[in-house]
Amino acid sequence: MCTGCGACAQVCGNSALSMEYDDEGFLYPVKDDSLCSGCGLCRRRCHMLVERTANRNTLRVYAAYLPDLSQLYSVSSGGVFWALARHTIEQHGVVYGVEHQSLFDVHHGRAESLEQCVPFRRSKYLESNTKETFRQIKADLEQGRQVLFTGTGCQVAGLYGFFGCKTYPNLVTAEVVCHGVPSMNVFKTYIHELEALRNKKVQEIIYRDKSRGWNQNCIRICFTDGTSEADLSSTTPIHRGYLSGYYSRPSCGGCRYASLPRAADITLADYWQYKGGLRENNQNLGISLVVCSSEKGVACIEKIKHELLIEPSSLEEAVNSCRHLSKAPEESKYRNAFLSHMKKSGFHATFSKFRRKESIARKIAKLNPFGKLIIKILRNKGENYE
Ligand SMILES: Cc1cc2nc3c(=O)[nH]c(=O)nc-3n(C[C@H](O)[C@H](O)[C@H](O)COP(=O)(O)OP(=O)(O)OC[C@H]3O[C@@H](n4cnc5c(N)ncnc54)[C@H](O)[C@@H]3O)c2cc1C
């Protein structure tokens, strides 16, 4: 059940818990028995063990994007995060978001200037380590600073769990709709194999490259020699496997937070199926779906409205456009087999094997009953039906 939010480790006054990667490449709390006093605070503040009823309701839905097209180019969707961050910084507030410290270190960071918010832009399709963030947020809030926290729904729920029953009027939470977080081990294996194939080192990965437009979403891989390669996300193996659910965190399949009403004050997503008038001047550079689930969220969007091209939308259109707004991602039935096969055979060989398997399964599903019977007989005889 653990979502790896890190609230338990941060709430422990004895530092008895630390977040460490497990064998599959996901963060989990690890306890040092010699430091644990057995007080149980970590369990009482866990958002998965103690469900808190938040005062949430879907109040408003919008389509929006940044009018400055050069800024819009550098964000994943319509850049509503950037407008929220700018507004918070202008109020001398603090912004928390996700950044790459290095290729294999993705974590939450703290920003007091807009420049420091730049690394938070664009989705990173990896699990972020919240480290000491929740403690820092508490300190900022108690000093009266305005705080914007951004992350996945489970991280937002983790932050609320960390606070227990305490609420803060100066905290705004903005979550990204999430398809799940993939394994760091798989990502590392993929990158190491790619480096061996290309005979050069990877420096950076840009998950949401808009060089072919927003809806031709690409992943760009930049190498240390200054070269780079970009391919459609849907055909780049590391992203294709992620979309297929081969290596997501166990808690992501059936995620509790991919449902309405949402956990955060504001929810952000790609508005892929948006059909309204805002498309006209967008030049295919990205439109955000914005859902406000609290009065605080509504008030916040009202304040930044003049910085956006924005129009109201309906919940029905939003749900039809964005699957994980109301429906949890599904874990692939091949997930465990994929991860154990990858340990022996590496990423690329495993990816090809499971893609082939899935394509055959799809073809079999389309067969008439007679065809299915033949496959069954061949299988029983131990023959390779591929
Ligand atoms: C792992 C992941 C899966 C997603 N899945 C979907 C999906 O299935 N459907 C959909 O419509 N949208 C999805 N999104 C959201 C979408 O990609 C955009 O992040 C969102 O629309 C905000 O875009 P923007 O242009 O406003 O902000 P951007 O400038 O792109 O800002 C990115 C925001 O995302 C946060 N962020 C970046 N990486 C992470 C991370 N690893 N964990 C937590 N927060 C992060 C940053 O802190 C920042 O607030 C996903 C995002 C992530 C990170």
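**Notebook: salt bridges, cavities and backbone**

I began with Arg-135, which is partly exposed, with a relative accessible area of 32%. Before going further I noted that this is a predicted model.

**Entry on salt bridges**

I looked up the partner of Arg-135 and found that its side chain meets that of Glu-132 in a salt bridge, with an N to O distance of 3.1 Å. Glu-132 also counts as partly exposed, since its relative accessibility is 41%. I then asked how many salt bridges a search of the whole structure finds. The search gives 22 of them, and I followed a few.

The pair I spent time on is Glu-127 with Arg-249, whose side chains meet in a salt bridge at 2.6 Å, N to O. Glu-127 sits in the loop between α5 (114–117) and α6 (133–142), while Arg-249 sits in the loop between α9 and β11 (266–270), so this pair ties together parts that are 122 residues apart in sequence. I checked whether the two ends are buried or exposed. Glu-127 counts as buried, at 5% relative accessibility, and Arg-249 is buried as well, with a relative accessible area of 1%.

I next turned to Glu-358 and Arg-355, which form a salt bridge in which the closest N and O atoms are 3.7 Å apart. Both belong to helix α14 (residues 347–366), and because they are three residues apart there, about one helical turn separates them. The two ends fall into separate classes of exposure: Glu-358 is buried, with a relative accessible area of 18%, whereas Arg-355 counts as partly exposed at 25%. The cut-off that matters here is 20%, because buried means a relative accessible area under that value.

I also wrote down a network of salt bridges that links Arg-110, Glu-112, Asp-140 and Arg-145.

**Entry on cavities**

I asked how many cavities of 30 Å³ or more there are, and the count comes to two. The largest cavity has a volume of about 80 Å³. Its lining includes Tyr-125, Leu-126, Pro-182, Phe-187, Tyr-207, His-239 and Tyr-247. Two elements, β8 (202–209) and α9 (237–243), give two or more residues to this lining, and α9 gives the most, with three residues. When I sorted the residues of this lining by type, ten were nonpolar, two were polar and none was charged.

The second largest cavity holds about 50 Å³ of space. Here I met Arg-249 again, since it is one of the residues in the lining, among them also His-179, Cys-252, Pro-329, Glu-330, Glu-331 and Arg-335. I recorded the make-up of this lining as two nonpolar, four polar and four charged residues, whereas the lining of the largest cavity has no charged residue.

**Entry on the surface**

I looked for a nonpolar patch on the surface and found one of about 390 Å², made by Phe-370, Leu-373, Ile-374 and Ile-377. I took Leu-373 as the residue to check, and placed it in helix α15 (residues 369–380). Leu-373 counts as partly exposed, at 46% relative accessibility.

**Entry on the backbone**

I kept in mind that most residues other than glycine have a negative phi, and that most peptide bonds are trans. With that as background I asked which residues are joined by a cis peptide bond. Leu-260 and Pro-261 are joined by such a bond, with omega at about -10°, and Pro-261 is found in the loop between α9 and β11. Arg-249 lies in the loop between α9 and β11 too.

I then turned to positive phi values. His-92, a residue other than glycine, has a phi near 60°; it lies in the loop between α4 (80–90) and β4 (94–102). His-92 is exposed, with a relative accessible area of 62%. Gln-283 also has a positive phi, in this case near 50°, and its place is in the loop between β11 and β12 (288–292). At 58% relative accessibility, Gln-283 counts as exposed.

Note on methods. Residues are numbered from 1 along each chain as its sequence is written. This is a predicted model: local features need pLDDT of at least 70, side-chain atom pairs count only at pLDDT 80 or more; totals for chains, interfaces and linings use all residues. Side-chain values use heavy atoms; hydrogens and water are left out. Patches are made of residues with over 30% relative accessible area and no salt bridge: like charges are joined within 9 Å, nonpolar side chains (Val, Leu, Ile, Met, Phe, Trp, Tyr) within 5 Å. Accessible areas come from the Shrake-Rupley method with a 1.4 Å probe; for residues, only the protein chains shown count as cover. A salt bridge is a side-chain nitrogen of Lys or Arg within 4 Å of a carboxyl oxygen of Asp or Glu. Helices (H or I, at least four residues) and strands (E, at least two) are DSSP runs, numbered from the N terminus. Buried means under 20% relative accessible area, exposed over 50%, partly exposed in between (1.4 Å probe, protein chains only). On a 1 Å grid over the protein atoms alone, a cavity is a set of points where a 1.4 Å probe fits but cannot get out, and a pocket is an open set with protein on both sides within 12 Å along at least five of seven lines; lining residues have an atom within 4 Å of a point. Grid points are joined across faces, edges and corners, and a volume is the space filled by probe spheres set on the points. Ala, Val, Leu, Ile, Met, Phe, Trp, Tyr, Cys and Pro count as nonpolar, Asp, Glu, Lys and Arg as charged, and the others, Gly among them, as polar.
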